[in-house]
Structures are given as C-alpha cells and as structure tokens.
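Me: I'd like to learn how to read a protein model feature by feature. Could you walk me through one?

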Amino acid sequence: MMNLDAAESARRRQEALADLLIMDTPSEQSFDDLAFIAAEACDVPIALITLLDADRQWFKARYGVKTSETPIEQSVCRLEIERGTFLDIADLTADERTRENPLVTKKRGFRSYAGAPLILRSGIVVGRICVIDLKPRKDGLAESDKAMLEALARQASEQLELRRSAKLSHQLTGLQTALVDIGETIRRSQNTKEMASSTAAIVGQTLHASRVGFGVVDEASDTIDVLAEWTTAELGSLEGKHRLGDFGLEQGIAIEPVVIADTGTPSPDTRAPETGIRMTAVSIVEMPVRDAGQTIALLFVHSAQRRYWTAEEVSFLRSVADRLEAGVARHRAEQQQGILNGEISHRLKNMLSMVQAIASQTLRGTTQQDAFQSFEQRLLALSAAHDSLLESQWVEADLRNVAQTVASTIGFDNRIVMDGPPVALGPRAAFALSLIIHELLTNAFKYGALSSSEGFVTLTWTASNAASGGELTVIWCEHGGPPSSEPSRKGFGSRLIRAGLVGAGGVDIRYEPSGLTAELKAPLARLAAG
Amino acid sequence: MMDRKVILVVEDEPLVLMFATDMLEEAGFEVLSAIDAEAALTHLEVRDDIRVMFTDVDMPGDINGIQLAANVRSRWPAINIVITSGKPLAGGWMLPADVPFFSKPYLHHRILTVIEKMAA
C-alpha cells in the first residue's frame, strides 16, 4: 500500500514527466552517451536512464538491454524514489523487495543495482540513471563510482530541462503562428459556422488532436449544437444537437474550462471517471466561449490517445476561445446591422411611395401629367440606386448593377448592351449615375436610338490606372436611331447629365449623325467617396 | 358603368391606396379598396366579380400580403394577383410564377399595363 504522500509524489512525478514532453520519444545521442559512460566507468554490462510513469518505467536511454519499458511493479528504480537519494543494492537476490522480481529471478537475471536520482530544478524526482550487473557486488558500488553516477544524474537532469525548453519554444512558435492564422481566418469569415469550421481545422492540425469542434450552447433548451467540426479517422463525428448532459455540462451551471489527460482516470474533483461524450475520447480540453457573461458556445479538443496538455497549449486554446468570442460578436453585430439597414430601406421606400402619391394627387387634374411622369421616373431611378447600394450595406454599389437596375426599372434593360470591369461607386456617385442613365434613357426614347424599333445603346466603361490616380470613363453611345441634333432648349434633364458623376462636370456630349454619344469622366477616388 | 372590371387594392398606407385607386379608376376600372387582409377577405366573400387583386405585403393584422395571396389562390383560383412591397421579397416566400412582384415605389403605368392584361 502506498501512503498518501507517496501517491501525491507519484502524481507530481507524472505531471512533471508529461511536462517534459519526453515520454515515448526516440532515443537521443546525448542521453545514450550518458548511459554508455555510466556502464563503462562502473564496468557493468547494463546502464539505463529510467523515467517512472504511473504504470510503467520507460527508458530514455538503455545500454545492454533491449526492452524499452517494463511494468512499474518490476521497477527497481522506483524503490525509495520519494527519498530522492542514491539507491545501492549489492545483491538483489538477498533484498526482500527485489528477490521475487522476475528481472532478478529470470535466467541470467540482474544481481546488483546502483542508481542515482534524476532531480529536476523544481525538486521533483522523475527517475534514475542506474547501472546493473549480472553478478553480485560484495561491498556495493565504490564511493568514486557513486560520485561519478551522481554527476551523470545531474547531467541527465539538466539535459531533460534543456531539452524541454527547446521543445517548448518550438511548440510555442507553432502555437503563435496558429493563433495569427486563426485571427486572420476569423476576421475574413462571413458567418459563425464558417469561422468555427476553419478555426477547428487549424486547432486540430496544430495540436495533432483527433477531433476539434465548436458547439453553440442553448441553456434554455438544454442543448449544444455542434455547428462545425474537424476530425481525423480516429474519432467519429459529433456534428448536430446533443443534450448538455451528454457533454458533461449542467444546465444553469457556469461552464468552466476543462482539461483532462485521461478520461478513464477518476478526476481529483469528482473522484469518478467521466461519462457521456467525454468518454468517447481519451483526452480532452473544453473551453467555454462567452458573450456578455454568458456561455454561448464550447470549443472542444479531443484526442484518441492519453495525453498531457501543456500550460502553453491550454492558454493557446483560451486565446482561441477569446478570438471566437470576438468573431461571434462581430457576426451578430453585422447581422443586426443588416436587419436594421433592411428596415430603414423599407421605410425609405415606403416614404418614396408616399412622395410619389402626393405628387400625383397634387398634379391631378392639371395639365402637368407629363411632368408627373418625369418626376415619377426620376424618383424610381433614385430608388433603383438605393436598391443597388443596399446590397453592400449602403457602402458602395457596382456600376453595372446600378445601370442595370435603373434600366430594368424604367423598362429598357433589353436594349442596352453593357461592358466594363467591376467599379465600386459610393452612394453619391451611385445616385448621380442612376439619374444620368435615366435622363439619357428618356432622351433616347423620345428623340434617339430607342425611338426606333431597331435602335440600341452601348454603355461601356474603363478604369485607367494613371500615376496621378485612376480615372473612370463611361461612354453612352446610341446606334440605329435617327441622326441626333443639339436641342434648342436645355432642360433639367440636360443639366443633370452635364453635372456629371461627381457634380463637377467632366461630361462631353456629341450629337453625331449616327446618334448621340456621351462621355463621362471622373477620378476613381472621388467616385468611391461617400 | 355597367361593364367596369373590378380590381381589389389592398394597401395600408392611405396616400398610396389613394394613388393606386385613382390610377386604376382613371384607367376605367371599378376599385374596391381594403386597408388590411381582413377587409380584403370581406370584399372577396361578398363579390364574385373581382378580376385582379393588387396587394401590399406588410400590413397590420395577422395575415400579410403573401399569405393573403396564397389564401386567394386556393379559394378563388380565377382571381389574378399582383404583389408589391417596399421590402425585397424575403427568402422562403415563394410566389407562384404567374404572380408578378413589383418593388415600391413602382412606375404606375407598368402596373397598369400588367393589370389591364390580367383583367382582359
């Protein structure tokens, strides 16, 4: 029976070993050399660097022995390990603690043993460097050999620490790179599901996990909905809805981060093994994603193997959860903004309908019916520009989209051929363009190409990239109509056109025999401005 | 007066209702106006000569214009329907292919053209 102190020291030793990131790693020259020196110096056939895990002893370096580990019960190194002192057993067959040990009783079994403790800077003893002989040693190990073995033990311990630092700094670089990638991914994401799915993939690959998922928690319905997931073949999918209880969570109880190295080992808190979904993985980390004090989602990382999660990995996951939280908040704000914009747009369009109705009633019964029709069409051109702007939350509108929407609102979209690259227009330029296109359309219908059934219009535009800043050139060109001529009177429509895209002119109208041509120029920078 | 074709206009905004009513009356139609779906159904149940229903989508009451249209389509399949709204048609609302949708504000002569064709 182990007493509690021994159990506690075993637990601390396991943690320290896991933290060294060394268990089950391939052999390394620096440790092999120490074992070789120990064997040669003490003139024995066997030397080992032994690390004492919970259920086994594992050899980081072995000289004269083939096996890489044995069950912990067969370990001689573990004897008196809590004392942290040198262990010297001159005849293993004479010591009651070892004489039944199969390693001793077997044919050509071990007969004498001497081991120096491997003590970390923290004071925790994680194992021993030992020398073993197949014949008994009458007086034990010579004092000088003992001193030498202790010196080698100090070397091995130091090597363990240095090795850990190097591994950790490598791991940290990996984690930091992943965090930058995740930040970028979240910023670019359009919605929560997309954000969760790409984040899960990066986390899974970085931590070499078996399954990473993002579940939206709904306390009211006692469910967690796994929206997105990244898995290897080792563990199945958890996508879809689960009860909170299946995830080991309880309704109404704040969700805290959970880090479990082995779900099969009773936890120190509950003293019971895990149940439910947690049991489908061997090792897990769960990180709550909170919003306004409430847990809204859970980021979980599962591994099919028992594994120790370093403090750096846990803090990495905490940062990932923080970033996801910011992402969720942003998506929600954008969604609300979208709803708000939709509502404002709805009201604006109802308002335009009322303006239209008032104008109609005001001019009713007068001789102004032509004027009302012009007014109505201009109002609709504005409304069309508004529709184009709404698609990008009123920040910008695509030139083609504006022109097309106006043309189809007025009813001529099948008689205009458009060609040009995508050009983003700010709200002012979008409104100006919509009114200009409308005036040109109306004019073409009354006097120009669209007044004859064969006539059509080409609307082309190019964006130049001059050193002084790019310039947009839009060309409206009528074909197949009657010859055009300059009107004697310049009305409102003509003034609207001549004001240009940014209100500063830049408009050249030519009345050619083949039809009217209008060329509109404006600096791109001015067009994009609100 | 005898042969005027009957159009039902459903619109909760009085100014816009007035505008639509005048537009249709000037074009020679008899117009029944309703400020919500309930009032529209009352007309529909009493009159059997309605040719076209021209309805807004967002209205006070439990039934919106889309639901009203679905109702009319199943109970009075002979009545043609035209829908208008200040909102873009939300995803999930499917209109039958023969029900045209006009975004508000609309060009009145385009609506007239469609309704005249339907009522003919």
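Reply: Happy to; we will go from the overall picture to strands, a helix, unusual backbone angles and the contact between the chains. One thing to keep in mind is that this is a predicted model.

Me: Let's start wide. How many helices and strands does chain A have?

Reply: Chain A has eleven helices and 19 strands. Of its 530 residues, 47% are buried. You can also look at contacts along the sequence: among those in chain A between residues at least 6 apart, 62% join residues at least 24 apart.

Me: Now a strand. Which side chains of strand 14 of chain A point to which face?

Reply: The idea here is to follow the side chains one by one and note the face and the burial of each. In strand 14 (residues 416-419) of chain A they alternate. Ile416(A) and Met418(A) are buried and point to one face, while Val417(A) and Asp419(A) point to the other and are not buried.

Me: What does strand 14 of chain A pair with?

Reply: Its partner is strand 16 (residues 456-464) of chain A; the two run parallel and are joined by four bridges. To find the register, look for Met418(A), which stands opposite Leu459(A) in strand 16.

Me: Over to chain B. Why is strand 4 of chain B described as largely enclosed?

Reply: For this you count buried residues, meaning those under 20% relative accessible area. In strand 4 (residues 80-85) of chain B, five of the six residues are buried, so the strand is largely enclosed by the rest of the structure.

Me: And which strands does strand 4 of chain B pair with?

Reply: One is strand 3 (residues 50-56) of chain B, which runs parallel to strand 4 and is joined to it by five bridges. Asp56(B) stands opposite Thr84(B) there. The chain gets from strand 3 to strand 4 through helix 3 (residues 65-75) of chain B, a β-α-β crossover that is right-handed. Another partner is strand 5 (residues 101-103) of chain B, paired with strand 4 in the parallel sense over three bridges. In that pair, Ile83(B) has Phe101(B) as its bridge partner.

Me: How should I read a helix? Where are the buried residues of helix 2 of chain A?

Reply: Begin with its length, then map burial around the axis. Helix 2 (residues 29-42) of chain A has 14 residues and reaches 20 Å from first C-alpha to last, close to the 20 Å expected at 1.5 Å a residue. Its buried residues are Phe31(A), Leu34(A), Ala35(A), Ala38(A), Ala39(A) and Cys42(A). They cover an arc of only 130 degrees around the axis, which puts them on the same side of helix 2. What covers them includes strand 1 (46-52), strand 2 (56-63), strand 6 (125-133) and helix 4 (143-188) of chain A.

Me: Backbone angles next. What should catch my eye?

Reply: Most residues other than glycine have a negative phi, and most peptide bonds are trans. So look for departures from that. Asp43(A), which follows helix 2 of chain A, has a positive phi near 60 degrees. His208(A), with phi near 50 degrees, sits in the loop between helix 5 (192-207) and strand 7 (211-218) of chain A. Asp222(A) has a positive phi of about 60 degrees and lies in the loop between strand 7 and strand 8 (223-231) of chain A.

Me: Is His208(A) buried or exposed, and is Asp222(A) buried or exposed?

Reply: His208(A) is exposed, at 66% relative accessible area. Asp222(A), at 18%, counts as buried.

Me: Where is the cis peptide bond with omega near -10 degrees?

Reply: That bond runs from Lys104(B) to Pro105(B). Pro105(B) is in the loop between strand 5 and helix 4 (108-119) of chain B.

Me: Last, the contact between the chains. How many residues does each chain give?

Reply: Here you count residues first, then area. Chain B gives 18 residues and chain A gives 24. About 1800 Å² is buried between them, and carbon and sulfur atoms give 59% of that area. On the chain B side, Phe19(B), Pro105(B) and Leu107(B) lose the most area to chain A, together 33% of what that side buries. Pro105(B) thus brings two of our topics together: the cis bond and the contact.

Methods. Residues are numbered from 1 along each chain as its sequence is written. Chains are lettered from A and ligands numbered from 1 in the order in which they are written. This is a predicted model: local features need pLDDT of at least 70, side-chain atom pairs count only at pLDDT 80 or more; totals for chains, interfaces and linings use all residues. Side-chain values use heavy atoms; hydrogens and water are left out. Buried means under 20% relative accessible area, exposed over 50%, partly exposed in between (1.4 Å probe, protein chains only). Two strands pair if DSSP finds at least two bridges between them. A crossover is right-handed if, with the strands pointing away from the viewer, the path from the first strand over the helix to the second runs clockwise. The expected span of a helix is 1.5 Å times one less than its number of residues. The arc is that of the directions from the helix axis to the C-beta atoms. Contact means heavy atoms within 4.5 Å. Buried area is the accessible area (1.4 Å probe) that two parts lose on being put together, summed over both.
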